[in-house]
Amino acid sequence: MCGIAGMIDLSGQRRQAPAGVVARMAEAIYHRGPDEDGYLDRAGLHLGMRRLSIVGLADGQQPLSNEDGSIQVVFNGELFDYPEQRKELESKGHTFRTHTDTELIPHLYEDHGPHGIWDHLRGQFAFCLWDSRTNEFILGRDRAGICPLFYTTRKVDGTDWLLFASEMKGLFASGLVPAKADPVGLNHIFTFFAMPGPSTVFEGISCLPPGRYLHVKPGPGVDLSQKTYWQVTYPDRGQEEYGHDANKVIDEFEQVLMASVDRRLRADVPVVSYLSGGVDSSLVVAMACKALGRPIPTFTVSVQKKQFNEENEALETARHLGCQPVVVPLGDAELRGDYPSLIRAAEFPVIDTSCLGLMHLARAVRSNGYKVALTGEGADEWLGGYPWFKYHKASAWLDGIPGLPLGLYVRTLGLKATGQPAYPIAEIQKVRKALGGHNGWVDVYGMMSLNKLRFFTPELKSFALSRSAYDDLGLNADLHRWHPFHRQMYLGARIMLPGHLLASKGDRVAMSQSVETRYPFLDERVIAYMAKLHPRWKLRGLLKDKYVERKVAERWLPKAVAWRKKLMFRAPMDSWVKGGANATTEAWVDQVLSAESLRKSGYFDAEAVLRGKAKLATMRRSPAKVGLEMGLTAVTATQVWHHLYVSGDLCDLPSAVVKPAVGDGQTWAA
């Protein structure tokens, strides 16, 4: 993958972009493409990119164009069916000059136009295309949300410009975009545990959610509304593919997943794979070995806590497949020391400390001379691998009596009995109505939302309670017609997948180390096949999750590996704040959580945070403690994020605050 950036004159007057701005934007995301850069400077636009060369090493420089140069593109990602698509386009008379998949895009645009091109793009991508003949642009993002794309508008010397970049660092580096906190985005973080978009935590900056694009025609009344070309959908309840022939379902899923793995091994550089002790990455590794005809190198994180350490299980799988493993240790010291680096990479408050494991894996991949890795992420979202799917199924009887919200009352009483805050029942019912009924995903991440009641200042709390964060998501209008199991699956895929797993655990941490990660379970064909299946192929009974995947895995791996339970690593806050008996707390932790710093940032009630921190130290392990722990970690993460990007004055950590450009005749305005 790569990094892209640019400026587009929205007035239609094709004015010259301010000198040096896009170069600064591209330099700020150097880590996304240390191999080379490329620029296109024309009246009305300036495009830039940093390249991580993986396909077409010698001739894949960007920007790239069609035969006559009238259509130009900068591209981040991979189109995995490039050989087949190229052959088809050549049969229609298109001429290719390079060996890179990027060149598909201008030719597909010629054939299908700005609205039809998306049906013909397969893979992980974000790009900007300019048609010089009509001076129109398209900017778009892949279906799953693997590759990021952020944008904003700014007025420069009286002209409105659209600025875009693969990371918000690029926007700030322009010197035209101030980093100001957006309460909408902060509300999302404390509601969803993630940043799903289109809002971000920065005022005036939007991201393209998965499956959306912009079609921009500069001039009076320019339209910057996001358009949807794809979103996941499920059959109406009762219309799912039940799968009476078990062998047929298992065979078909095996074929579609194997083809996905095979496509993601296409590269002009060696490909490696992450390997945990679980079934997802183990199955990907097994299939990769088969496709390659040799063992694939593997990388495993070794969490230095007995209850979370999967090193032995991963090494067992590596030995079974003949792979040469690299083991990467991760302990409390790495968690305490590198947490600010994680937030710097992600650009938003990251509550899940386990993301650091993925950052260390990517670092090890790069230091061992590789830059492409397969990963098993995505299976849990589409095949029901998380615990809340089981909780929801087990407690469904509570919500099964029409007109009697028994489950709602039981859960509310449970919160009050454990001394936790609770939302008014009327507010909860509004969310349920928007989601088509009770949703198991909310049972788990609803604990996160309680921390708005605990810790927000009165002003921020009033703002957060005045609106529903779920209304900002643009949820599929058909979800009320789906099976309840699929409704909760959809919510996780819309929120957690792009807003957390593919961001703070995926693209941002991998590309911070100049590594591209590829996701076989997020292939368009795999997603479509899994979506049409009846829930019984995802969760059989109460314990057999990811059922169809595990039945396939039985053919490739020892049965113990195929049916191994998912282990969810989460470093408790007291393990990295206190550091244990023989370690000391990092100075920045106490600094950002001091009453002075909490009042400076202005998001949190300082007394409530300090009380919560003192209470945490005396609590025994329980759901109430986990909820409080999540909240305090979120407060800490938000404070660090504010210091790094907004103010630079909360602790001794070096900040990434960028001052607006001065002295070059440019001005900015929101």
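These are my notebook entries on what I looked up in this structure, which is a predicted model.

**Entry 1: the strands around β9**

I began with strand β9, residues 159–165, and found that six of its seven residues are buried, so the strand is mostly covered. I then looked up its partners. Strand β1, which spans residues 3–9, runs antiparallel to β9 and is joined to it by five bridges, and in this pairing G6 stands opposite F164 of β9. Strand β8, residues 150–156, also pairs with β9 in the antiparallel sense, here over seven bridges, and Y151 is the residue that stands opposite F164 in this case. I noted F164 for this reason, as it faces G6 in one pairing and Y151 in the other. Following the chain from β8 into β9, I found that the two strands form a hairpin with two residues between them, and that D157, in the turn, has a positive phi of about 50°. As a reminder to myself, strands of a sheet pair through backbone hydrogen bonds, in either a parallel or an antiparallel sense.

**Entry 2: the open sheet of five strands**

In which order do the strands of the open sheet with parallel pairing lie? I read the order as β15-β14-β13-β16-β17, five strands in total. The edges are taken by β15, residues 325–330, and β17, and because each of them has a single partner strand, one side of each is left without a neighbour in the sheet. From one strand to the next, the twist averages 30°. I looked more carefully at the β15 end, where β14, covering residues 298–303, runs parallel to β15 and is joined to it by six bridges; F299 is found there opposite V326 of β15.

**Entry 3: helices α9 and α26**

I next turned to helix α9, residues 332–346, and helix α26, residues 623–647, whose axes come within 10 Å and cross at roughly 65°. The two helices are therefore roughly perpendicular to each other, and α9 passes α26 in a right-handed crossing. Which residues of α9 and α26 meet? On the α9 side I listed Y339, P340, I343 and R344, and on the α26 side T633, A637, V640, W641, L644 and Y645. Sorted by class, this contact has eight nonpolar residues, one polar and one charged.

**Entry 4: backbone details in loops**

I went through the cis peptide bonds next. One runs from Q62 to P63, with omega near 0°, and P63 lies in the loop between β3 (45–51) and β4 (64–65). Another joins G197 and P198, with omega about 10°, and I placed P198 in the loop between α5 (183–192) and β10 (206–207).

I also looked up positive phi values in residues other than glycine. N135 has phi near 55° and is found in the loop between β6 (123–131) and β7 (136–141). S514 has phi near 60° and sits in the loop between α18 (503–511) and β17 (516–518), the strand I had already noted at an edge of the open sheet. Are these loop residues buried or exposed? N135 has a relative accessible area of 9%, and is therefore buried; S514, at 8% relative accessibility, counts as buried too.

Conventions:
Residues numbered from 1 in each chain as written. Predicted model: local features only at pLDDT ≥ 70, side-chain atom pairs only at ≥ 80, totals over all residues. Heavy atoms only, no water. Helix = DSSP H or I, 4+ residues; strand = E, 2+ residues; numbered from the N terminus. Buried < 20%, exposed > 50% of the residue type's maximum accessible area, 1.4 Å probe, protein only. Axes fitted to C-alpha atoms, helices over the stretch in contact; angles between N-to-C directions. Parallel < 35°, antiparallel > 145°, perpendicular 65-115°, else oblique. Left-handed = near helix turned anticlockwise from the far one by under 90°. Contact = heavy atoms within 4.5 Å. Nonpolar A, V, L, I, M, F, W, Y, C, P; charged D, E, K, R; others polar. Pairing = 2+ DSSP bridges.
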